[in-house]
Amino acid sequence: MATDRDSVLEAAVGVLSRRPTAHLDEIARAAGISRATLHRLFPGRDALIREVGLLGLQRFGAALDSAAVEEGDAHAALRRLVEAVVPDATLCAFLTGESTLYDNEEINELWESQIARMHALFLRGQQQGVFRVELSAAWLSEAFFDLVAGIGWAIQDGRLAPRDAAFSLSELFLGGALRAPRPD
């Protein structure tokens with residue numbers, strides 16, 4: 001039986017997003033394969049971590065694309081992004097917890113291009129009068145991504161139902177990021 005590389009990466013995310021120092025044996029068990037098979041797919045821990053990181057950033061980029069964050073009203077674009085990113089929230093949790101990824105130039109370039117898109121979304125929203133201007137676009141981007149990671153951990157640990165995740169994320173984030181109407 002052929003082993004699906006993506007399913008092994010998904011199993012690795014499930015383990016590594018909560019236990020970044022987990023042994024390869026634990027990851028192999030979670031994937032339902034032997035350690036030898038895991039080594040045939042990924043020559044070592046660093047290679048596995050890199051591939052999981054790339055998968056996470058590719059999925060985050062796909063969420064940015066499918067949400068069309070560069071188009072239209074920033075508030076609506078952010079709501080679209082919430083819907084698009086929540087299914088991969090555990091990958092975002094992995095990305096926030098695995099600092100060794102950022103020693104890799106390819107990963108840094110991919111992250112920088114994606115976070116720049118987030119900054120642009122929040123800056124556009126500030127210019128449209130949607131988001132608070134006293135909070136920097138860079139901070140809003142970081143806070144949003146970290147809340148997505150928190151959603152991933154909460155779902156993984158059974159503290160949040162997946163069906164409630166998008167609502168919970170958008171309500172919590174937008175409750176703090178939206179510009180309040182001016183009193184008359």
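**Exercise 1. Against which helices do the buried residues of α5 pack?**

Ground rules come before the solution. This is a predicted model, where local features need pLDDT of at least 70, side-chain atom pairs count only at pLDDT 80 or more, and totals for chains, interfaces and linings use all residues. Residues are numbered from 1 along each chain as its sequence is written, and side-chain values use heavy atoms, with hydrogens and water left out.

Step 1. Locate the helix. Helices are DSSP runs (H or I, at least four residues), numbered from the N terminus. Helix α5 covers residues 74-85.

Step 2. List its buried residues (under 20% relative accessible area, 1.4 Å probe, protein chains only). They are Ala74, Ala77, Leu78, Leu81, Val82, Ala84 and Val85.

Step 3. Find their partners by contact (heavy atoms within 4.5 Å). The buried residues of α5 pack against α4 (45-66), α6 (89-97), α7, α8 (137-156) and α9.

**Exercise 2. Compare the spans of α5 and α4 with expectation.**

Step 1. The expected span is 1.5 Å times one less than the number of residues.

Step 2. Helix α5 has 12 residues and reaches 16 Å from its first C-alpha to its last, close to the expected 16 Å.

Step 3. Helix α4 has 22 residues and should span 32 Å; its end C-alpha atoms lie 31 Å apart, which agrees.

Step 4. Look past the end of α4. Ala68 follows, with a positive phi near 50°.

**Exercise 3. Describe the burial of α4.**

Step 1. Its buried residues include Leu48, Ile49, Val52 and Phe60.

Step 2. Their cover includes α1 (5-16), α2 (24-31), α5, α6, α7 and α8.

**Exercise 4. Classify the ring pair Phe122 and Phe173.**

Step 1. Apply the rule: rings of Phe, Tyr and Trp (its six-membered ring) pair if their centres lie within 6.5 Å; planes under 30 degrees apart are stacked, over 60 edge-to-face, the rest tilted. This gives 7 aromatic pairs.

Step 2. The centres of Phe122 and Phe173 are 5.6 Å apart and the planes stand at 55°, so the pair is tilted.

Step 3. Phe122 lies in α7 (residues 105-127) and Phe173 in α9 (residues 162-177), so the pair ties together parts 51 residues apart in sequence.

Step 4. Check burial: Phe122 and Phe173 are both buried.

Step 5. Look for a cluster. Ring pairs link Phe60, Tyr102, Trp111 and Phe145 into one.

Definitions and conventions. Helix = DSSP H or I, 4+ residues; strand = E, 2+ residues; numbered from the N terminus. Buried < 20%, exposed > 50% of the residue type's maximum accessible area, 1.4 Å probe, protein only.
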